[in-house]
Amino acid sequence: MTVMESAPVKARKNCAGRVGHPRPTGQDRYSISEVVAHTGLTAHTLRWYERIGLMPHVDRTHTGQRRFTNRDLDWLDLVGKLRLTGMPVADMVRYAELVREGEHTFAEREELLTTHRENVRERIAELRSTLEVLDFKIDVYADARRASERFDPV
């Protein structure tokens, strides 16, 4: 059993209100390999996120090994959601910069996310339209298959 699989604890909810990380606050020090196992991201991706400024400052041990916290896991969860919605990396980095700058950036953060939400809604509409085309084509082939089966003189 790894550290991440240890005894159950009351999990905190992440930025989207979902249960996230496995350790209670105060006992939350994860190695990069534990974060890889928990998030599905690669160690290379985590290091890249830190290098480009997408990941906030990650604490390190006296030997230089990264130690991630529950807050870092919450942040990675949000970044994963933003990636899933197709937000460009540059916009995610800008959002991270705004978060680090503090509360006076609330309006700019809201504007960035609102604009992105509109883009996501447009993509969803496009996907729904595409799904209708797929459904139509599937129905055409299903009908044709059933018709050919009725008249197959085996």
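Mentor: Buried means under 20% relative accessible area, exposed over 50%, and partly exposed in between, with a 1.4 Å probe and protein chains only. This is a predicted model, in which local features need pLDDT of at least 70, side-chain atom pairs count only at pLDDT 80 or more, and totals for chains, interfaces and linings use all residues. Residues are numbered from 1 along each chain as its sequence is written, and side-chain values use heavy atoms, with hydrogens and water left out.

Trainee: Why is R60 called partly exposed?

Mentor: R60 has 43% relative accessibility, so it counts as partly exposed.

Trainee: What makes the pair of R60 and E50 a salt bridge?

Mentor: A salt bridge is a side-chain nitrogen of Lys or Arg within 4 Å of a carboxyl oxygen of Asp or Glu. For R60 and E50 the N to O value is 3.6 Å, so the pair fits the definition. The two residues lie in distant parts of the chain, R60 in strand 1 and E50 in helix 2 (residues 43-52), ten residues apart. Helices (H or I, at least four residues) and strands (E, at least two) are DSSP runs, numbered from the N terminus.

Trainee: How do you know that D59 and R29 form a salt bridge?

Mentor: Their closest N and O atoms are 3.5 Å apart, so the cut-off is met. This pair also links distant parts of the chain: D59 belongs to strand 1 (residues 59-60), R29 to the segment before helix 1 (32-39), and 30 residues separate them.

Trainee: Are D59 and R29 buried, exposed or in between?

Mentor: D59 is partly exposed at 32% relative accessibility. R29, with a relative accessible area of 44%, is partly exposed as well.

Trainee: What makes R94 and E101 a salt bridge?

Mentor: The N to O value for these side chains is 3.7 Å, so they qualify. Salt bridges that share partners join R94, E97, E101 and E108 into one network. The whole structure has nine salt bridges.

Trainee: What makes a set of residues a nonpolar core?

Mentor: The set consists of buried Ala, Val, Leu, Ile, Met, Phe, Trp, Tyr and Cys residues joined through side-chain atoms within 4.5 Å. The largest one here has 23 residues, and F68 and L76 have the most contacts inside it. Helix 3 gives the most to this core, with six residues.

Trainee: Which residues does L76 touch?

Mentor: Contact means heavy atoms within 4.5 Å. Leaving out residues up to four places away in sequence, L76 touches V35, T39, L41, L46, Y49 and M55.
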